[in-house]
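User: I am new to this structure and would be grateful for a close look at the packing of its interior, with particular attention to the aromatic residues.

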Amino acid sequence: MAIPDFQTLMLPVLREAAAGEVRIGDVVERLADQFSLTSEERSHLLPSGRQTTFANRTHWAKSYLSKAGLVDLTRRAHFRITARGQSVLDQSPARIDINFLKRFPEFQAFRFAQDGAEVQADAIVEASEAATSLTPDEVMRAAGRQLEAALASELLQRVMAGTPAFFESLVVRLLIAMGYGGSVNDLDRALVGRSGDGGVDGVIDQDPLGLDRIYVQAKRYAEDNNVGASAIRDFFGSLDRFKATKGLFVTTSSFSASARETADLLSKRIVLIDGQQLARLMIRHEVGCRVEERLAIKKLDEEFFDA
């Protein structure tokens, strides 16, 4: 089964605390057994790599129960059921979720700011509840992925609106941003694409001393114009003329299956970068885009409160 969302976990988490104080780590393990999670589901990590998805959702379920006064946080990584929480269990609810918790004034206070306006983060969670039931940090990450996908599309559109020379320059700038070829001062030296260039648009040092070089081919094609195997073979021939051992073929479109197979079978190392990967690399290395705002996800420092 899929990893349960954090609202589905609220009732099971409350039941785990019914016998007294419990440790959240133990609850995570018992609920993983209860939901028959596979080893892959148990070990699936958040993008940060610091916590499993299931543990994260269990922690959020506990946190929301606490906001409603159904559990008390007793000491580091431990909690217990309250009298109100036991009363809720005695009613044998079929499910506890955000809508259920709205009946409690403490939870209402959590949802509303002091001036009476609803806390935006919780509003986003509630808006996404019907579709995905994501935790607040998952909502932020999902929104981040959506913004990045939109930015990638816009970047490719702007690249396609430029000239072939601009695209060749962009590719070399990206490689420099990735740590190849020194600095932007080396841009003119790296760009060689012109009449009689032998089918190579750029030559960039792989290491600071220039002991090895990468030969670049940059093709600005429309989205529906895939690069075929013949273009890869032509580039291979160009590398051979330069006595080069490795090359980078970058396009704004994509590569056909035969093109990728050809690149794998040829004796020289040829790396293929399609439009989607190009856009991701531009975003990662801030080429053609910039950081507008940074949002940090902070969590309680348990050691700070340890006696």
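How many aromatic pairs does the structure hold?

Analyst: The model is a predicted one, and it holds eight aromatic pairs. One of them joins F6 and Y64 in an edge-to-face arrangement, with 5.2 Å from centre to centre and 80 degrees between the planes. Because F6 belongs to the segment before helix 1 and Y64 to helix 4, this pair ties together parts that are 58 residues apart in sequence. F6 counts as buried, at 0% relative accessibility. Y64 is buried as well, with a relative accessible area of 2%.

A further edge-to-face pair is formed by F235 and F249, whose ring centres are 5.6 Å apart and whose planes meet at 85 degrees. F235 lies in helix 12 (residues 229–241) and F249 in strand 6 (residues 246–251), so here the parts tied together are 14 residues apart in sequence. Both F235 and F249 are buried.

The pair of F6 and Y64 also has a wider setting. Ring pairs link F6, Y64, W60 and F107 into a cluster. Two members of that cluster, Y64 and F107, are touched by L101, as are M10, L65, A68, L70 and I96, when residues up to four places away in sequence are not counted.

L101 leads on to the nonpolar cores. The largest nonpolar core has 34 residues, and L101 is among those with the most contacts inside it, together with M10, L14, L65 and I96. Two or more residues of this core come from each of helix 1 (10–16), helix 2 (24–34), helix 4 (53–67), strand 3 (78–81), helix 5 (83–90) and helix 6 (98–101). Separate from it is a second core of 25 residues, including L174, I176, A218 and C289. In soluble globular proteins, nonpolar side chains tend to be buried together.

An aromatic ring can also be accompanied by a charged residue. R103 lies over the face of F100, at 3.8 Å from the ring centre.

Helix 13 (residues 257–265) shows how a single element can be divided between a buried and an exposed side. Its buried residues are A259, T262 and A263. Viewed down the axis of helix 13, they fall within an arc of 100 degrees and therefore line one face of the helix. An α-helix has 3.6 residues a turn, so residues three or four places apart point the same way. The buried residues of helix 13 pack against helix 12 and strand 7 (269–273). On the face turned away from this buried side, helix 13 carries the exposed residues A257, D264 and L265.

Key:
Residues are numbered from 1 along each chain as its sequence is written. This is a predicted model: local features need pLDDT of at least 70, side-chain atom pairs count only at pLDDT 80 or more; totals for chains, interfaces and linings use all residues. Side-chain values use heavy atoms; hydrogens and water are left out. A nonpolar core is a set of buried Ala, Val, Leu, Ile, Met, Phe, Trp, Tyr and Cys residues joined through side-chain atoms within 4.5 Å. Buried means under 20% relative accessible area, exposed over 50%, partly exposed in between (1.4 Å probe, protein chains only). Helices (H or I, at least four residues) and strands (E, at least two) are DSSP runs, numbered from the N terminus. Contact means heavy atoms within 4.5 Å. Rings of Phe, Tyr and Trp (its six-membered ring) pair if their centres lie within 6.5 Å; planes under 30 degrees apart count as stacked, over 60 as edge-to-face and the rest as tilted. A charge sits over a ring if NZ of Lys or CZ of Arg is within 6 Å of the ring centre and within 35 degrees of the ring normal. The arc is that of the directions from the helix axis to the C-beta atoms.
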